[in-house]
Amino acid sequence: MNHFELKGGELFCEGVSLADVASAVGTPVYVYSTATFERHYTVLRDALVAEGIKGDDGGDPLIAFAVKANSNLAVLRTLARLGAGADTVSEGEVRRALAAGVPPEKIVFSGVGKTEGELAFALKAGVGEINVESEPEMRLASQVAQSLGTRATIAIRVNPDVSAGGHAKISTGKSDNKFGVSFSEAERLYANASNDAGLNPVGVTCHIGSQITDLEPMAQAFAKMRGLVERLRGEGLSVKRLDLGGGLGVPYFNQPEPPSPADYARMIAKTMNGLDVGYAFEPGRMIAANAGVLLAQVQHIHERPEGKKFVVLDAAMNDLIRPAMYDAYHEIVPVRPREGEPVVYDVVGPICETGDTFTRERALPPLQAGDLVAFLSAGAYGAVMSSEYNSRLLVPEVLVKGGAYAVVRPRPTYEDMLAREAPAPWQ
Ligand code: LLP
């Protein structure tokens, strides 16, 4: 469920008309709904709590929002206020989470290539869990911690060798992916870490991929994780936390409904069968995707003599790269749909490459130059993946709450863009 709806023939975000946002802020622009973020977070938390899934302090489980999905500070603040933690993958993301008011103990630091500097920053900040992805990385974490006179609180990331995920580029849990270690290696590393003066191993973690709409591969991976926790405990090692990685996939179009948060929570409770451990989760897409749209304006309708019709927008692949990169489907809805029979269009951006195509041969309500359209489900992996390719200004972001909205990332000016660079001294 989300809070983008047609009211009186016009698309609204909560109580705000998207046409009003477009005329005040210009297009392209991302628009987010506070109510949708809040709803998705609380529905997930309540579903987990209802199944008796707890955190390692005996309270709510840790829901560490995957900052990579949407790292806008106002968005992170919205979730932090509800009690969310943050799953981060760089010093920049750790800094964002801290700046948004996420307590350091609720920050998880993941990623296969954390540098010495990033580890030192995270340790000084007191992040709650460093997810170690390989033996060399574990050694580095220990060295850095010892040089700072502390111990790194770590979880070992296991690669459960389960196939899942909507697209090869976002599947992570097969043994030929770069992520995590095997189960046998995890047991050895965990035992070593328990005797290491620079490490405090608290748990294990896995993440098998993103946009997963089938619970079966998750259940398989989680059952293997449960076995690992039991084996480690059998060896006398303490395991306080089990971090089950990213969340569910979302419906991008009229496909069969993905499992609900309640189905997900039930599957976990069943798979874990009373395993007494503190649970952590790293969902991104299921919280953010349907909480945002990308608004764009039709520049021209370009009609080829042979009949093909291109809708040329002012948004491009630099603003929303998912269709170009993953062949992703985003629903496109006119902000003020016109009457009339649907027309088959290719919807494209103005960038000089054929990949700058949002969709081919899609039937949409008739469009004219000047019309506004919204790309739905663009709140996750949308603005965060934007760039200035073709020297297009970085796309702004707006957050709506009820009848109010705020520009939470303004559009830079061309002067801002040029001022970041400088001629070389010999020029
Ligand atoms: N935890 C880890 C370790 C991850 O690698 C990811 C996503 C997540 C959590 C969050 O997963 P989610 O709940 O969002 O499924 N740019 C791609 C998605 C890349 C996902 C990478 N890892 C896209 O636009 O589809």
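In this predicted model, three strands form an open sheet in the order β1-β2-β3, with antiparallel pairing. Its edge strands are β1 (4–7) and β3 (16–17), each of which pairs on one side only. Between β1 and strand β2 (residues 10–13), the antiparallel pairing extends over four bridges. Within this pair, L6 stands opposite L11 of β2.

## Strand β4 and its partners

A cis peptide bond, with omega about -5 degrees, joins T27 and P28. P28 belongs to the loop between α1 (18–25) and β4. Most peptide bonds are trans.

Strand β4 comprises residues 29–33, and five of its five residues are buried, so the strand is largely enclosed by the rest of the structure. In a regular strand the side chains alternate between the two faces of the sheet. In β4 both faces are covered: V29, V31 and S33 are buried on one side, and Y30 and Y32 are buried on the other.

Two strands that pair with β4 are β13 and β19. Strand β13 (residues 292–303) runs antiparallel to β4 and is joined to it by four bridges; here V31 stands opposite V293. The pairing of β4 with β19 is parallel and also has four bridges, and the bridge partner of S33 in β19 is V400.

## Domains

The domain assignment divides the protein chain into domain 1 (4–32 + 291–419) and domain 2 (52–286). Their C-alpha centres are 33 Å apart. Contact between the two involves 16 residues of domain 1 and 15 residues of domain 2. On the side of domain 1 that touches domain 2, β19 (397–401) and β20 (404–409) each supply at least two residues. That side of domain 1 consists of 10 nonpolar, three polar and three charged residues.

## The ligand and the annotated binding site

Which residues come nearest to the ligand? Of the 20 residues around the ligand, these are S210, G246, G284, R285 and Y381. The elements that give two or more residues to this shell are α10 (285–288) and α11 (322–326). By class, the shell holds seven nonpolar, nine polar and four charged residues. Domain 1 and domain 2 each contribute at least three residues to the shell around the ligand.

An unreviewed UniProt entry places the feature "binding site" at R285, R322, Y326, E353 and Y381. These positions span 97 residues in sequence, and the farthest two C-alpha atoms are 28.0 Å apart, so the positions do not all gather at one spot.

Two of the annotated residues, E353 and Y381, can be described further. E353 lies in the loop between β16 (343–348) and β17 (357–364). It counts as exposed because it has 12 C-beta neighbours inside 10 Å. Y381 is located in the loop between β18 (372–375) and β19. With 25 C-beta neighbours inside 10 Å, Y381 counts as buried. Leaving aside neighbours within four places in sequence, Y381 is in contact with A69 and R322.

## Local backbone features and burial

Most residues other than glycine have a negative phi. Q211 has a positive value, with phi near 55 degrees. This residue is found in the loop between β10 (199–205) and α8 (215–234). E361 likewise has a positive phi, near 50 degrees, but lies in strand β17.

What surrounds D161 in sequence? D161 lies in the loop between β9 (152–157) and α7 (183–194). D161 and G180 are 19 residues apart in sequence, with their C-alpha atoms 10.0 Å apart in space.

The table lists the C-beta neighbour counts and burial classes of five residues discussed above.

| Residue | C-beta neighbours within 10 Å | Class |
|---|---|---|
| D161 | 17 C-beta atoms | D161: partly exposed |
| Q211 | 24 C-beta atoms | Q211: buried |
| E353 | 12 C-beta atoms | E353: exposed |
| E361 | 10 C-beta atoms | E361: exposed |
| Y381 | 25 C-beta atoms | Y381: buried |

The classes rest on a stated cut-off: a residue is buried if 20 or more other C-beta atoms lie within 10 Å of its own, and exposed if 12 or fewer do. Q211 is therefore buried, with 24 such atoms, and E361 is exposed, with 10. D161, with 17, is partly exposed.

Note on methods: Residues are numbered from 1 along each chain as its sequence is written. This is a predicted model: local features need pLDDT of at least 70, side-chain atom pairs count only at pLDDT 80 or more; totals for chains, interfaces and linings use all residues. A residue is near a molecule or strand if its C-beta atom, placed from the backbone, lies within 6 Å of it. Ala, Val, Leu, Ile, Met, Phe, Trp, Tyr, Cys and Pro count as nonpolar, Asp, Glu, Lys and Arg as charged, and the others, Gly among them, as polar. Domain bounds come from an automatic or database domain assignment. Two residues are in contact if their C-beta atoms, placed from the backbone, lie within 7 Å. UniProt positions are given in the numbering used here, feature names are shortened, and annotations may be inferred rather than shown by experiment. Two strands pair if DSSP finds at least two bridges between them.
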